[in-house]
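Open the model in your viewer and keep the selection panel at hand. We will go from one selection to the next.

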Amino acid sequence: MTDFFQLLISGIATGSIYAMAALGFTLLWQAAGTINFAQGEFVMLPAFAMLIGIAAGLPLWLAFVVAVAISVLVLGAGFKRLVVDPMRGSGVVAVVVATLGLSIGLKSFVKAGYSAEPHPFPSVFSEEVFKLAGVTISYSDVGALVFAGLMVLGLQMLLNKTITGRAMQAVAQNTFAAEALGINVKRMILYTFGINAILVAVTALLITPTYLAKFDMGDNIGLKAFFAAIIGGFNNSRGALLGGVLVGVLENLAGAYLTPSYKDGVALVLFLAVILVKPDGLLGTPQERKV
Amino acid sequence: MTLSKRHLALLALAIIALTVLPTMLKTYGLYLLTLWLVYIIAAFGLNLTVGYAGLKSLCHAGFMGIGAYTVAILMKAGVSFWLATPVAIVLCFAFGLLIGFPALRVQLHYLGFATLGFNLLLMLFFRNEEWLTGGTFGIQNIKRPELFGYSLMGNLPFYYVVLALTVIAGAALAYLLRSPWGRAFAALRDNPIRAESTGVNITAYTLMSFAIGAAYAGLAGALFAPLVNFIEPAPFGIGNSLLFLLMVVVGGSGRFYGPVLGSAIALLLPEYLRFAKDWYLAVFGFAVVVMMIWLPGGLLSIKETWQLHRAKRDVKSARPEAA
């Protein structure tokens, strides 16, 4: 039974990291209708930015701050201005294909320009463990959980308690009505891209110690983020959180009790099962089709 | 698509060129040419799924892997290539139905995520089930088949068999597209709700177009295994699946010859430029982004896009005079 609790806790910790990438993914979809297939690569890039910073002699926290700043500039504003904005009006499919191209481009660029090997990445939290009621818990799990929890909580506060946040939600729900109410839609969408850029940088900081920094690390993380977002409900930002934690916990349990080799397939099975029963995700509300 | 005389003449010329040219090529050139044909077969199938039915499928390399492994395993067990290939095709078709069904019930772009996950699962299977797939070492010494007692071990005879199958696969696709089925596929892509209201069963047709696309990948995989004589998981990963999709789009999705051009750009050139493969792919990936902004219809749509652009400009310049 103690094994079970250990798996549960580390599963929740990993899951809350998936949830952050999933949350950013959902926010982009809601606010700008952008399905970002390069979300995994958006996590990989800050990881390499931090590695380069550390190699240049910066302490980890400073490298992280620099990576966040670069991320907001490049993966937030740059991505919006250079990729998403010019394709306004050409439909979801064109953006999907463009982000797929971006995904291949970024992966190959890092592979060719930096390295094809996996690189170890320093952990923010100590690797030591402590015991609580017989259950062994690692500080890094607790750290990830607290960090991710604070991020998500902070974001919820921002979205629900501030005027800017409420304006962002209004844009996500109905762009036209928001514009008619005098909300600066463009600015709100830009903020959303910025928030996604911060979320992916934090995800990179927390997940890279376990995944190692590698050019294709985004394949797996991106996929978990998509699945988490859909499992929880694509049009609900709390859904991403639920989906992420579910994926993290179940794949941990399946890895321990069923088979470790197919751990990464759990998210797919869960996804297929959920959309068979609840097509809009666990917390999602049905969407109307537009002619 | 009715064939004009010019079209027929060009097609005949291309086939003659593809018949005569290889006799002048060295081993590596011939290998690349055969590989190109194999990719064209797979891309024909994906073009049906993506270009004509409008679905985003991201596990085409995985389906090719199913085809390749099925043929390799069955041939190692003593089954003839000509028997193993239909099995591979049917297996891919069945997997297509299995994966497509839950995703397509919901939303078209859910298929993208489902197929991506399926490809990941396939890679885990190819790597982990060593008893069946040889794990990361793969399956070696896959023999090339015989045809009517005539050995195809040589590169040239095998090339001709692949060429013949490519032409047959292309003709079958052209036939399918001209049938009411093909028109239903196009109707689905252009306006699913309207198609449904005129009596097209959306789920059944989208599912079929996806499964038939998968079957084409199965055939390509079945030819891939004896062509390279050795298979391992790497060529069937997510990266190549993304490339498959992009090559259909780059060539011009929904255009019959799009895959022919696209597979040369996205899969053949990187293979040829091995030493600079990653840089090439980096440039290619970013080029796709630029292309989706300026030329979303693909390279084969250059003419129309340009004409449309000129027409718009003419309208603009004509307007002040009219006023």
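Start with H11(A) and helix H5 of chain B, residues 110-128, in this predicted model. The two helices pack at an angle of about 145°. Their axes lie 9 Å apart. The crossing of H11(A) and H5(B) is left-handed.

Now show side chains. On H11(A), select Ala267(A), Leu268(A), Phe271(A), Leu272(A) and Ile275(A). On H5(B), select Tyr110(B), Phe113(B), Ala114(B), Gly117(B), Phe118(B), Leu120(B) and Leu121(B). These residues make the contact. What is its character, counted as nonpolar, polar and charged? Eleven are nonpolar, one is polar and none is charged.

Next, widen the selection to both chains. Here 38 residues of chain A are in contact with 35 residues of chain B. On the chain A side, colour helix H4 (91-113), helix H9 (217-232) and helix H11 (266-277). Each supplies at least two residues of the side that touches chain B. Which gives the largest share? H4(A) does, with 15 residues. By type, this side of chain A has 27 nonpolar, seven polar and four charged residues.

Then go to the largest nonpolar core, which has 198 residues. Pick out Ala19(A), Phe227(A), Phe271(A), Val38(B), Ala42(B), Ala220(B) and Leu246(B), which touch the most other members. Phe271(A) also belongs to the contact of H11(A) with H5(B). Helix H10 of chain B, residues 202-228, gives the most to this core: 17 residues.

Finish by centring on Val38(B). Leaving out residues up to four places away in sequence, Val38(B) touches Val162(B), Ala220(B), Leu223(B), Phe224(B) and Leu227(B).

Conventions. Residues numbered from 1 in each chain as written. Chains lettered and ligands numbered in written order. Predicted model: local features only at pLDDT ≥ 70, side-chain atom pairs only at ≥ 80, totals over all residues. Contact = placed C-beta atoms within 7 Å. Helix = DSSP H or I, 4+ residues; strand = E, 2+ residues; numbered from the N terminus. Nonpolar A, V, L, I, M, F, W, Y, C, P; charged D, E, K, R; others polar. Axes fitted to C-alpha atoms, helices over the stretch in contact; angles between N-to-C directions. Left-handed = near helix turned anticlockwise from the far one by under 90°. Core = buried A, V, L, I, M, F, W, Y, C linked by C-beta atoms within 7 Å. Buried ≥ 20, exposed ≤ 12 C-beta atoms within 10 Å, placed from the backbone.
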